[in-house]
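Reader: I am in my first year and would like to learn how to read a protein model step by step. Could you take my questions in turn and explain each term as it comes up?

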Amino acid sequence: MGAPDRVPGLASLLERHWLRYARQLAALRRDALGERAVHDFRVVARRLITLLNGLHSSVPDPAAKTLRRSVRRRFKAVAHLRDVQVER
């Protein structure tokens, strides 16, 4: 049984955040890294990372750890772009 199944409502919370993340990632690609798309992606990614960190600290799950790494890599990949956009 996976970690989200152990806590009532956690699976649906994780699913909602994952779907928001997937939508924002698609918007980021579609909008050619526009300022608003980058900002919105980083907000959603940060929230998902926070949720996955909490999940991992409560119930260590290899799948959650892998997912967290993947989300963090994408989050960091657009960090410098966001810095440039904010400086303009």
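Reader: How many helices and how many strands are there in the protein?
Author: This is a predicted model, in which local features need pLDDT of at least 70 and side-chain atom pairs count only at pLDDT 80 or more, while totals for chains, interfaces and linings use all residues. Residues are numbered from 1 along each chain as its sequence is written, and side-chain values use heavy atoms, with hydrogens and water left out. Helices (H or I, at least four residues) and strands (E, at least two) are DSSP runs numbered from the N terminus, and from that end the elements run α-α-α-α-α. The count is therefore five helices and zero strands.

Reader: What percentage of the 88 residues is buried?
Author: A residue is called buried under 20% relative accessible area, exposed over 50%, and partly exposed in between, with a 1.4 Å probe and protein chains only. By that rule, the buried share of the 88 residues is 33%.

Reader: Which helix gives the most residues to the largest nonpolar core?
Author: A nonpolar core is a set of buried Ala, Val, Leu, Ile, Met, Phe, Trp, Tyr and Cys residues joined through side-chain atoms within 4.5 Å. The largest one has 19 residues, and Y21, L28 and F41 have the most contacts inside it, where contact means heavy atoms within 4.5 Å. Helix 2, helix 3 (35-58) and helix 4 (62-77) each supply at least two residues of this core. The greatest contribution, 10 residues, comes from helix 3.

Reader: Is L13 buried, partly exposed or exposed?
Author: L13 lies in helix 2, which covers residues 10-30. Because its relative accessibility is 27%, L13 counts as partly exposed.

Reader: What is the distance between the closest N and O atoms of D40 and R36?
Author: Side chains of opposite charge can pair when their charged atoms come close. A salt bridge is a side-chain nitrogen of Lys or Arg within 4 Å of a carboxyl oxygen of Asp or Glu, and the structure holds two of them. D40 and R36 are four residues apart in helix 3, so about one helical turn separates them. They form a salt bridge in which the closest N and O atoms are apart by 3.4 Å.

Reader: Which residue forms a salt bridge with D31?
Author: D31 is partly exposed, with a relative accessible area of 41%, whereas its partner is exposed at 61%. The two side chains meet at 4.0 Å, N to O, and the partner of D31 is R30.
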